[in-house]
Amino acid sequence: MTDTSIDALNQKLDRLIEAVSRLAPPPVPQTDLNVADCFVWQADPGYLEPVRKVNRVDIGLIRGVDRVRDILVDNTERFAAGFAANNVLLWGARGMGKSSLVKAVHARVNAKAKPGLPLKLIEIHREDIDTLPKLMGLLKAAPFRVILFCDDLSFDHDDTSYKSLKAALEGGVEGRPANVIFYATSNRRHLLPRDMIDNERSTAINPSEAVEEKVSLSDRFGLWLGFHKCSQDEYLDMVNGYASHHGLDIDPERLRAEALEWATTRGSRSGRVAWQFTQDLAGRLGKPLKD
């Protein structure tokens with residue numbers, strides 16, 4: 001074989017190697033829990049993406065849920081301090097601050113945490129619940145205590161991934177790591193559609209066993225914190241709190257009238273509706289909202 005033939009062959013091999021390299025998946029980024037306090041679990045390829053700026057509000061702006069707020073703060077503070085604490089299910093009316101409260105409590109607890117040992121908050125998406133065991137395996141050796149957070153958790157009729165969640169929370173051979181706790185929000189108390197539970201009851205040989213299989217998932221949460229629709233006074237208190245916090249200068253009577261009209265057009269009163277009204281009001285007044 002001549003030198004020219006060898007050079008041509010080497011060039012072809014180089015092009016082949018380059019083409020194969022382009023087809024290979026990119027390397028999985030290394031997870032470093034020191035770079036941030038909040039992360040999002042990216043199930044594919046399997047790493048924690050840091051969140052530099054968390055979308056949350058100050059805990060003082062979350063009104064109408066004082067009792068459940070205090071319970072969640074106490075549970076989280078005990079967990080952060082290394083003591084026993086429960087998994088928490090925040091369930092109930094939409095827009096009443098369930099997910100906002102989790103993020104706000106995390107910030108409050110971290111403000112009091114020991115330097116160098118912050119509490120970590122990791123969000124896992126609903127569709128990635130079946131990768132929860134993999135994530136827990138990644139976290140169990142971490143030197144930090146971690147809240148795993150799933151927003152709007154629920155399961156549909158043909159979805160069996162709730163069984164993975166049951167085993168990961170409690171009941172598996174290895175169990176939940178001592179440095180990990182699970183917080184979830186849902187509009188459903190038992191995380192499953194009521195008609196799904198009723199159908200299982202009607203078709204099962206032993207109806208009670210079928211129902212217990214479905215509701216046993218919510219039993220994995222030691223704390224159930226219920227959120228209910230707010231009254232008009234609570235709604236107006238939320239609006240006034242937002243307006244004061246963001247420095248929106250407006251006549252109190254006008255603020256009240258416009259806030260009530262906004263709620264009427266939306267057909268509901270909640271913390272979310274109060275916040276949406278505040279954004280609209282700030283825009284009309286030409287005022288920027290605080291970060």
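This report walks through a few strands, two buried residues and the nonpolar cores of a predicted model.

**Strand S1 and its partners**

Let's start with strand S1, which covers residues 38-42. Four of its five residues are buried, so you can think of S1 as mostly covered, given that buried means under 20% relative accessible area. S1 pairs with two other strands, and here's how each pairing looks:

| Partner of S1 | Residues | Bridges to S1 | Direction | 
|---|---|---|---|
| Strand S4 | residues 120-123 | three bridges | parallel |
| Strand S2 | residues 47-50 | four bridges | antiparallel |

You can zoom in on single residues too. Phe-39 stands opposite Ile-122 in S4, while Trp-41 has Leu-48 in S2 as its bridge partner. How many residues sit between S1 and S2 in their hairpin? There are four, and Gly-46 in that turn has a positive phi of about 110°.

**Two nonpolar cores**

Next, the nonpolar cores. The largest one has 46 residues, and those touching the most other members are Leu-72, Leu-90, Leu-101, Tyr-183, Phe-227 and Tyr-235. Helix H8, spanning residues 232-245, supplies the largest share of this core, with six residues. Another core of 32 residues lies apart from it, and its members include Phe-39, Ala-142, Leu-153 and Phe-182. Phe-39, then, is the residue we met opposite Ile-122.

Tyr-183 is a good one to click on. Setting aside residues up to four places away in sequence, Tyr-183 touches a whole list of residues, including Leu-72, Asn-75, Val-88, Ile-147 and Phe-149.

**Ser-99 in helix H3**

Now find helix H3, residues 98-111, where Ser-99 is located. Is Ser-99 buried or exposed? Its relative accessible area is 19%, and the cut-off for buried is under 20%, so Ser-99 counts as buried. Leaving out neighbours within four places in sequence, Ser-99 is in contact with Phe-149, Asp-151 and Thr-185. Phe-149 also appears among the residues that Tyr-183 touches.

**Val-273 in helix H10**

Finally, look at helix H10, which runs over residues 271-285 and holds Val-273. With a relative accessible area of 3%, Val-273 is buried. What does Val-273 touch, not counting residues up to four places away in sequence? The answer is Tyr-235, Trp-262, Ala-263, Arg-266 and Ser-268. Take Trp-262 as an example: Val-273 and Trp-262 are 11 residues apart in sequence, and their C-alpha atoms are 8.1 Å apart in space. Tyr-235 should ring a bell as well, since Tyr-235 is one of the residues touching the most other members of the largest core.

Terms used: Residues are numbered from 1 along each chain as its sequence is written. This is a predicted model: local features need pLDDT of at least 70, side-chain atom pairs count only at pLDDT 80 or more; totals for chains, interfaces and linings use all residues. Side-chain values use heavy atoms; hydrogens and water are left out. Buried means under 20% relative accessible area, exposed over 50%, partly exposed in between (1.4 Å probe, protein chains only). Helices (H or I, at least four residues) and strands (E, at least two) are DSSP runs, numbered from the N terminus. Two strands pair if DSSP finds at least two bridges between them. Contact means heavy atoms within 4.5 Å. A nonpolar core is a set of buried Ala, Val, Leu, Ile, Met, Phe, Trp, Tyr and Cys residues joined through side-chain atoms within 4.5 Å.
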